[in-house]
Amino acid sequence: MKKLIVAGDIGGTKTLLQLLETDGRAQRNLYRQRYSSADYADFNRLFSDFIRESQSFHGNQSIQALCLGIAGPVSHRTAQVTN
């Protein structure tokens, strides 16, 4: 069974997000986008734009996993994004 995963790299300058489809053995890139982090007040708005923009690649299929790398120190289980 194929699953959808979103992987991303969140930085103070730019955020890279990618929608992947995997069958457990291999993955295929469905959609990738680069965003200027300064253009968004918070990640929720940025992620909402990504989901809307990638809708034609995943249709109504739900995303099963999200993996993010975030630049900055972690304090009380919350990342403090740099810049």
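Two residues are in contact when heavy atoms of theirs lie within 4.5 Å of each other, and with that in mind the tour of this predicted model can begin.

Select the whole chain to start, and consider its contacts between residues at least 6 apart in sequence: 40% of these join residues that are at least 24 apart. With the C-alpha trace displayed, the chain spans about 40 × 25 × 15 Å along its principal axes.

Next, colour the chain by secondary structure, where 2 helices and 6 strands appear. Following the sequence from its beginning, you will pass through these elements in the pattern β-β-β-α-α-β-β-β.

Now switch to a surface view, in which the accessible surface of the chain comes to about 5,800 Å², with 49% of that belonging to carbon and sulfur atoms. Of the 83 residues in the chain, 24% count as buried.

For the charges, select the Lys and Arg side chains as one set and the Asp and Glu side chains as another. The chain holds 10 positive and 7 negative side chains, and the centres of these two sets are 6 Å apart.

Finally, move to helix 2, which covers residues 55–58, and select His58, which is found in this helix. Is His58 buried or exposed? His58 has a relative accessibility of 10%, and because buried means under 20%, His58 counts as buried. To see what surrounds this side of the helix, leave aside residues up to four places away in sequence and display Leu4, Leu19 and Ile51, which His58 touches.

Note on methods: Residues numbered from 1 in each chain as written. Predicted model: local features only at pLDDT ≥ 70, side-chain atom pairs only at ≥ 80, totals over all residues. Heavy atoms only, no water. Helix = DSSP H or I, 4+ residues; strand = E, 2+ residues; numbered from the N terminus. Buried < 20%, exposed > 50% of the residue type's maximum accessible area, 1.4 Å probe, protein only. Areas by Shrake-Rupley, 256 points an atom, 1.4 Å probe, with all protein chains shown as cover. Charge placed at Lys NZ, Arg CZ, Asp CG, Glu CD.
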